[in-house]
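Subject: Structure handover

Hello,

Here is the structure for you to look over. My notes follow below it.

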Amino acid sequence: MTPLADLSASIAGWSAIVAGRSDAAQQFRTDRAGIVVAALWLLVGMLLSVAVQSAMYGLPHVVSVLFSLIGEAVTLGLLWLALVQLFRFLRIGSPPLALFVPILYLLAYVFVISAVLQLVSQAFGLILMLGVAILIFRAAQVICGLKTMPAAGVAGAAFIVLVVVPNALYMLLLFLPSA
């Protein structure tokens, strides 16, 4: 498949997740190439967000953008680790990649949507992250077949990683001397 076909399939997959259809998992490729394509779409979403912020506030420093990309990579690594451990702890039969790849696409969509919402207000960030947690909850139910409480645990852990880790990394970066 091509990257555009993967993106189109991911949109169909998320539509199926929201609708609760059991065929949602087949829309996402969980092989190595599928993960790379999903990560590249996330990178595109992040760069589009940076472009909108540049139009609003001026060009950010290259080092700032680089630290943001590294911070997102660290966040995703910790999210992967949290999902693997949580799936092991809850003895979930599905592989963690079945949920991780859709989350990558979801985050790509969120970066694009947040770029547009930032034009209106900065306050939409938390509301958007709560929406992400709700969609991860739904994906855990539909793709992994989890009941309410385990799906809520997966969504809660993902929410904590996606909100707390970037803020903690930002606070650590404040200690670095700026040029």
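**Two serines, helix 4 and helix 2**

S114 counts as buried, at 15% relative accessibility. The cut-off for buried is under 20%. Please keep in mind that this is a predicted model. S114 lies in helix 4. Leaving out residues up to four places away in sequence, S114 touches S49 and L128.

S49 sits in helix 2. S49 is buried too, with a relative accessible area of 5%. Apart from neighbours within four places in sequence, S49 is in contact with F111, S114 and A115.

**The largest pocket**

The largest pocket holds about 1,600 Å³ of space. Its lining is made up of 45 residues, and the closest to the pocket centre are Q53, S68, F111, P166 and Y170. F111 is also one of the contacts of S49.

Which helices supply the lining? Helix 2 (32–57), helix 3, helix 4, helix 5 and helix 6 each give at least two residues. Helix 3 gives the most, with eleven residues.

What classes of residue line the largest pocket? The lining has 28 nonpolar residues, 16 polar residues and one charged residue.

**Helix 6**

Helix 6 covers residues 148–173, which is 26 residues. From its first C-alpha to its last, helix 6 reaches 37 Å. That is close to the 38 Å expected at 1.5 Å a residue.

Which residues of helix 6 are buried? They are A151, V154, A155, A158, V161, L162 and V165. The buried residues of helix 6 pack against three partners: helix 3 (62–90), helix 4 (97–117) and helix 5 (124–144). Helix 6 also supplies at least two residues of the pocket lining, as noted above.

**L130 in helix 5**

L130 lies in helix 5. Is L130 buried or exposed? Neither: L130 is partly exposed, with a relative accessible area of 42%. Partly exposed covers the range between the buried cut-off of under 20% and the exposed cut-off of over 50%.

L130 and G156 are 26 residues apart in sequence. In space they are 9.9 Å apart, C-alpha to C-alpha.

**Salt bridges**

How many salt bridges are there? The count comes to two.

One salt bridge joins D6 and R29, with the closest N and O atoms 3.0 Å apart. D6 lies in helix 1 (residues 3–19), and R29 lies in the loop between helix 1 and helix 2, so the pair ties together parts that are 23 residues apart in sequence. D6 is buried, with a relative accessible area of 3%. R29 counts as partly exposed, at 23% relative accessibility.

D23 forms a salt bridge with R21. Here the closest N and O atoms are 3.2 Å apart. D23 counts as partly exposed, at 32% relative accessibility. R21 is partly exposed as well, at 41%.

**Where to look on screen**

Three places are worth opening:

- S114, which touches S49 and L128.
- The centre of the largest pocket, where Q53, S68, F111, P166 and Y170 are the closest of the lining residues.
- The D6 and R29 salt bridge, with its buried D6 and partly exposed R29.

Best wishes

Terms used: Residues are numbered from 1 along each chain as its sequence is written. This is a predicted model: local features need pLDDT of at least 70, side-chain atom pairs count only at pLDDT 80 or more; totals for chains, interfaces and linings use all residues. Side-chain values use heavy atoms; hydrogens and water are left out. Helices (H or I, at least four residues) and strands (E, at least two) are DSSP runs, numbered from the N terminus. The expected span of a helix is 1.5 Å times one less than its number of residues. Buried means under 20% relative accessible area, exposed over 50%, partly exposed in between (1.4 Å probe, protein chains only). Contact means heavy atoms within 4.5 Å. On a 1 Å grid over the protein atoms alone, a cavity is a set of points where a 1.4 Å probe fits but cannot get out, and a pocket is an open set with protein on both sides within 12 Å along at least five of seven lines; lining residues have an atom within 4 Å of a point. Grid points are joined across faces, edges and corners, and a volume is the space filled by probe spheres set on the points. Ala, Val, Leu, Ile, Met, Phe, Trp, Tyr, Cys and Pro count as nonpolar, Asp, Glu, Lys and Arg as charged, and the others, Gly among them, as polar. A salt bridge is a side-chain nitrogen of Lys or Arg within 4 Å of a carboxyl oxygen of Asp or Glu.
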